[in-house]
Amino acid sequence: MPALLLIFGMIVALFTAVSGVWYLLRRSGKRVERECIPVRSFEHFTANADADTPYASENTDPVRRGFAVKMELDGEPIQSYSRPNPIFFDAGDVYPQSEGIVTFRGNNYRDSASFGTPNIARRKFGRHYWSVKTGALEKSDVSKGKGSKRWTGSGWTGQPLIVRWDESGKQAMNLYPDKKAKPGLVEAVYATMDGNVYFIDIEDGQPTRDTIEIGLPFKGAGALHPSLPMLFVGAGDSLPDSAGEAGYARAFIYSLVNGEKLYEFGAKDPFAPRIFHGYDSSPLVDTKTDTLIYPGENNIVYTMKLNTSFDKDKPELSIKPAALVKWTYSTPRTSEESHWWGFEDSAAYYKNFMFLADNGGNMICLDVNTMELIWAQDVKDDTNASPVFEITETGEKYLYVAPSLHWEMDKVTQTGEVCVYKLNAINGEIIWEKPYLVHSIYGISGGVQATPVLGKGPIADLMIVPIARTPYRRKGLLVALDKQTGEERWVMDMPHYAWSSPVCVYAQDGQAYIVQCDSKGNMYLIDGASGLQLDKINLGSNIEASPAVFENTVVVGTRGGKIVGVTIE
């Protein structure tokens, strides 16, 4: 009898050990299969993509999907709205009225983070580059449980703004005398997670004016006014509770005439359905109506008439914000625990229609003149990448977007499927979806955090985007998908995953070059047509931020506390 008990005990122990090993293997999610999951196509939804006015189909009707909308105007609840001076955005390449990149991904289509057509002969990065040191801030009490207790350097999305100011406008600003006198000055404006906004001459890395010290962590890119010396920045997190009222995340408007704060809004907004507040989204200004549009992670879309007054001769810049509209919504699955409210991406715009994704897996279309929710598509998971709008030569209108892995994650294996989507921008219907199996771990998402490149010229048939944490946790892929079919045209295996968005540089020789950064601090130069790696340098630490390129200079910040300027030769 003791022998039988011993044998039985050994069997139980062996079973327990094997089960434990199997559980740990599943739990680790060490690898997901890199089999090419077929594209899922829905070709019949290409119909009406060439129409001009968005509408809801049966599948994308917000009412059928249970959306409940609320609005207020200047603090008073309203049931409907009609903008007195209608907004109408022009084509994307018209938006920046200054030379450069004035918002995240350049314009209202969110399709360009580079400016100029440089001469690229060697197809290599310059080995001598400048760097500017940045610092850190303590995380809020809510955010401390997610990895480090400090926000350091430049984080996601973290794109710099880069502009060549016209000479008359330059004289109206508080630039240092030598920089004000420098012909053709190109200035990088970079809000970072140490609470500062840095101003840098991209030719030599030297400061161009005094740093603006705000004291809240800035993860998003912020935005410049497309034609005036005005800066919009939003904090991505609050300070610890001990900071009190002053430590709440909010959005700011600053004058670049004298560096003074003009306005702030959004701190602990009682209209918000979500407790957490953040402003990573990069806003836009409709210059014809002088209207700011600013989505928040508290799930409010803010619009306001700025009533701007600018006299470059004095020089003086002032605003008197009015007609403050707040718009928000909830859905049957949205809560503080799951499918959160909130917008972290930067909205794309076509005419008076805003295209915006949220943390809860919704991709929506909103008429900004009536604040009417036109359509809503379920993209399943937490979507932080910005949608990119495309209008073809034949007038068809599409959106490209992809989520990160959060709500669809298997809690045991920490793996799940995310899709890259091509949508009909008119009715929100899915045209194709390309699935990938990815990992998420410790709150650091796999899937897609980067905003894709929509190719032009020699790569006009490609969409290029990094997929994070696949097939292994720390690895990734850079994929070029056929815009028409969603099939992979080329794939570059990345030893380290990327959240940073790729940038395409179109050179004088007619070639397209991709700049892609990764979580190990590598910056790659890649042939856009073939995916061939041409060069690589390492900047010392994780690059979550997305670079911007002005002519042949790449500017990007690292989590290690450096803003770096690198040339492409």
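Two strands pair if DSSP finds at least two bridges between them. Strands (E, at least two residues) and helices (H or I, at least four) are DSSP runs, numbered from the N terminus. The model is predicted: local features need pLDDT of at least 70, side-chain atom pairs count only at pLDDT 80 or more, and totals for chains, interfaces and linings use all residues. Residues are numbered from 1 along each chain as its sequence is written, and side-chain values use heavy atoms, with hydrogens and water left out.

**Figure 1. The whole protein chain, with 3 helices and 41 strands.**
The C-alpha atoms fill a box of roughly 100 × 60 × 55 Å along the principal axes. The radius of gyration, taken over C-alpha atoms, is compared with a globule rule of 2.2 Å times the number of residues to the power 0.38. For 569 residues a compact globule would have a value near 25 Å, and the protein chain agrees with 24 Å. Of the 569 residues, 60% count as buried. Buried means under 20% relative accessible area, exposed over 50%, and partly exposed in between (1.4 Å probe, protein chains only). Contact means heavy atoms within 4.5 Å. Among contacts with a separation of 6 or more, 59% come from residues 24 or more positions apart.

**Figure 2. An open sheet of 5 strands in the order β5-β39-β40-β41-β6.**
Its pairing is mixed. The edges are β5 (114-115) and β6 (130-133). Each has a single partner strand, so one side of each is left without a neighbour in the sheet. Strand β41 (residues 562-567) runs antiparallel to β6, and 4 bridges join the two. Look for Lys 133: its bridge partner in β41 is Lys 562.

**Figure 3. A second open sheet of 5 strands, in the order β1-β30-β29-β28-β27.**
Here the pairing is antiparallel. At the edges stand β1 (40-41) and β27 (388-391). Each of these has a single partner strand, so one side of each lacks a neighbour in the sheet. Inside the order, β29 (residues 415-424) pairs with β30 (residues 430-439) in the antiparallel sense over 9 bridges. Val 418 stands opposite Tyr 436 in β30.

**Figure 4. The hairpin of β15 and β16, with 5 residues between the strands.**
Strands β15 (residues 251-255) and β16 (residues 261-265) run antiparallel and are joined by 4 bridges. Phe 252 has Glu 264 as its bridge partner in β16. Gly 259 takes a positive phi near 80° in this hairpin.

**Figure 5. Strand β19 (residues 301-305), mostly covered.**
Of the 5 residues of β19, 4 are buried. Strand β18 (residues 291-295) runs antiparallel to β19, with 5 bridges. Tyr 294 stands opposite Tyr 302 in β19. The hairpin of β18 and β19 has 5 residues between the strands, and in it Asn 299 takes a positive phi near 75°. Strand β22 (residues 322-330) is also antiparallel to β19, joined by 4 bridges. There, Lys 305 has Ala 322 as its bridge partner.

**Figure 6. Two buried loop residues, Ser 98 and Glu 544.**
Ser 98 lies in the loop between β3 (76-78) and β4 (99-101). Its relative accessible area is 16%. Not counting residues up to four places away in sequence, Ser 98 touches Val 163, Pro 226 and Ser 227. Glu 544 sits in the loop between β38 (533-538) and β39 (548-550). Its relative accessible area is 13%. With the same residues left out, Glu 544 touches Gly 155, Trp 156, Thr 157, Trp 499, Ser 500 and Arg 559. Glu 544 and Ala 498 are 46 residues apart in sequence, but 7.2 Å apart in space, C-alpha to C-alpha.

**Figure 7. Cis peptide bonds before Pro 315 and Pro 471.**
The bond joining Lys 314 and Pro 315 has an omega of about -15°. Pro 315 is in the loop between β20 (309-311) and β21 (316-318). From Thr 470 to Pro 471, omega is near -5°. Pro 471 is found in the loop between β32 (462-468) and β33 (476-482).

**Figure 8. Positive phi at Lys 268 and Met 371.**
Neither residue is a glycine. Lys 268, with phi of about 50°, is found in the loop between β16 and β17 (284-286). Lys 268 counts as exposed, at 52% relative accessibility. Met 371, with phi near 55°, lies in the loop between β25 (362-367) and β26 (372-378). Met 371 counts as buried, at 2% relative accessibility.
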